[in-house]
Amino acid sequence: MLHPTLRLFGSCTLAFSAMVMQHALAHDGDDHAHSVRQVKPAEMYEPTPMPDRIVLTWAGDPTTTQSVTWRTSTEVASAKAELAIATAGPELRNAAKAFDAATVALKTDLNTAHFHSVTFQDLTPGTKYAYRVGDGTNWSEWFHFSTAKVEQEPFSFIYFGDAQNDIRSMWSRVIREAYSDAPKAKFLLHAGDLINTAQSDAEWGEWFGAGHWLNAMIPNVPVAGNHEQHKVNETKRQLTHHWRPQFTLPEHGPEGLEESCYTFEYQNTCFVILNSNTKIKEQAEWLDNVLSKNTKPWIVCSFHHPIFSTAKDRDNPLVRAAWKPILDKYNVDLVLQGHDHSYGRTGLDTPSEDVNTVANVPTGVTARDEHHGTVYVVSVSGPKMYNLTPKPFMVRVAEDTQLYQVIHIDGMELRYEARTATGEIYDAFVLEKTIGEPNRLTEAKDLMAQRLRATKDSVPAVPITIPAGSSPVPGR
Ligand SMILES: [Fe+2]
């Protein structure tokens, strides 16, 4: 509709009209600034009887189980899920079976809500199911998920470094770009610091809002970062009270680390998720035990604090000393990490676990271990960026770049792609596995120029060298 001020001056010259328009808009803007109230988090993230924050995870075997967790207001005391094999027509509704949910109350800084969870069991492998969650009166829409196949098939998953800050504003585009890139990905792995303030319900609301219905269709694999640790007092931190009510995860980790230290198998790959915030030695023993029983050819580990930091003064010697010997012992293929808010990816050969060796690598690394062949990645998906001080054995690095990774495993081949928030391939390599031998790594060629800050301070303190056995990446 034409602005009333402009109607009044309808016969004026164009230039004058434009002037009036400017004035009118500025005036309107002022009015709006005074008249439009800011929506407060307590209102924006208020739970209602309608399910929200619906998220798939695995507490059990991805071939036969699927867990789902959701939130409602406390009005919903008794919740349930319905499940049917997905059909092309609406008849799935007639065949749906109901499952009672387990319900817990969570008092947060904004409200008290109920979190409900169901683990569907005894599912048929390689099958597409439809489900909805609710209370009999208010229901979610029907969502689809698929169980993993028992027989071998190629699969992809998506990995995100820290989302953490401005999640609604600036991270939502990354998860959505990733989904549009790999819509058939089997799960979304978040390597810690999903949010910034451990017990801020608004931040968790932003995180669930960014993934929204993707979370209800594609299982999530969350890793606990330091920002998921709530400060109880000066000496004590503990996992946020949001974590266990809102994610349904395995409880088979060491005591006290239920649902933050866990393992699962997907196809021909063993995934191990560790909690690098605490009980490092206990997890070393647990990791050794898990990997000693592994029968899968590929092993992918994820935890938050990197074995090899991409930043100055952010070294994690305790984690490295405790865990790297075990990663080496079992020839772990890929380690996915976060924490440093930049990007750094190694080749196959990295220094031994010796802390001093790693700490003193001014011109080269003499204690490289070329037999274990683990690739270590640090990445960031959110907008918070730190200065980069890469290790000399990092093949590809980035500053000021929001990234996500699509990782594809097809039999004895693993293809890795890091993409920018705008979907461009930033880094890529292929690992080929021959049982009993170190992996063979082939670097992608013709990648875009590395994204590094053009300031004097950000020039890497240590020149980047190409590790032996890796192909040079053009444009580095
Ligand atoms: Fe972080």
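**Exercise 1. The two faces of H4**

Task: Which exposed residues does the face of H4 turned away from its buried side carry? Then find the buried residues of H4.

Solution.
Step 1. In this predicted model, the face of H4 turned away from the buried side carries Ser169 and Ser180, both exposed.
Step 2. Ile167, Trp171, Val174, Ile175 and Ala178 are the buried residues in H4.
Step 3. Look down the helix axis. The buried residues of H4 fall within an arc of 90°, so they line one face of the helix.
Step 4. Recall the helix geometry. An α-helix has 3.6 residues a turn, so residues three or four places apart point the same way.
Step 5. Check the length. H4 covers residues 167-181, 15 residues, and reaches 20 Å from first C-alpha to last. That is close to the 21 Å expected at 1.5 Å a residue.

**Exercise 2. What H4 packs against**

Task: Which elements do the buried residues of H4 pack against? Trace how the strands around H4 are joined.

Solution.
Step 1. The buried residues of H4 pack against strand E9 (155-160), helix H5 (201-215) and strand E23 (403-410).
Step 2. Take E9 and E23. They run antiparallel, joined by five bridges. Isoleucine 158 has valine 406 in E23 as its bridge partner.
Step 3. Now take E9 and strand E10 (residues 188-190). These run parallel, with three bridges between them. Phenylalanine 160 stands opposite histidine 190 in E10.
Step 4. Put the helix back in. E9, H4 and E10 make a right-handed β-α-β unit.

**Exercise 3. Phenylalanine 208**

Task: Is phenylalanine 208 buried or exposed? Locate it relative to H4.

Solution.
Step 1. Phenylalanine 208 lies in helix H5.
Step 2. Count neighbours. A residue is buried if 20 or more other C-beta atoms lie within 10 Å of its own. Phenylalanine 208 has 20 C-beta neighbours inside 10 Å, so it counts as buried.
Step 3. Compare sequence with space. Phenylalanine 208 and isoleucine 167 are 41 residues apart in sequence, and 9.4 Å apart in space, C-alpha to C-alpha. Isoleucine 167 is one of the buried residues of H4.
Step 4. List the contacts. Leaving aside neighbours within four places in sequence, phenylalanine 208 is in contact with Arg53 and Asn215.

**Exercise 4. Two open sheets**

Task: What is the strand order of the open sheet of seven strands? Which strands stand at the edges of the open sheet formed by four strands?

Solution.
Step 1. The seven-strand sheet has the order E14-E15-E16-E17-E21-E18-E22, and its pairing is mixed.
Step 2. Its edges are strand E14 (262-266) and strand E22 (394-398). Each has a single partner strand, so one side of each is left without a neighbour in the sheet.
Step 3. Neighbouring strands of this sheet are turned by 15° against each other on average, direction ignored.
Step 4. Pick one pair. Strand E16 (residues 298-302) and strand E17 (residues 334-337) pair in the parallel sense over three bridges. Valine 300 stands opposite leucine 334 in E17.
Step 5. Turn to the four-strand sheet. The order is E4-E3-E7-E8, with antiparallel pairing.
Step 6. Strand E4 (97-100) and strand E8 (143-146) stand at the edges. Each has a single partner strand, so one side of each lacks a neighbour in the sheet.
Step 7. Here neighbouring strands are turned by 30° against each other on average, direction ignored.
Step 8. Strand E3 (residues 80-85) is joined to E4 by four bridges, running antiparallel. Alanine 81 has phenylalanine 99 in E4 as its bridge partner.

Methods. Residues are numbered from 1 along each chain as its sequence is written. This is a predicted model: local features need pLDDT of at least 70, side-chain atom pairs count only at pLDDT 80 or more; totals for chains, interfaces and linings use all residues. The expected span of a helix is 1.5 Å times one less than its number of residues. A residue is buried if 20 or more other C-beta atoms lie within 10 Å of its own, exposed if 12 or fewer, and partly exposed in between; C-beta atoms are placed from the backbone. The arc is that of the directions from the helix axis to the C-beta atoms. Two residues are in contact if their C-beta atoms, placed from the backbone, lie within 7 Å. Two strands pair if DSSP finds at least two bridges between them. A crossover is right-handed if, with the strands pointing away from the viewer, the path from the first strand over the helix to the second runs clockwise. Axes are lines fitted to C-alpha atoms, for helices over the stretch in contact, and angles run from 0 to 180 degrees between N-to-C directions.
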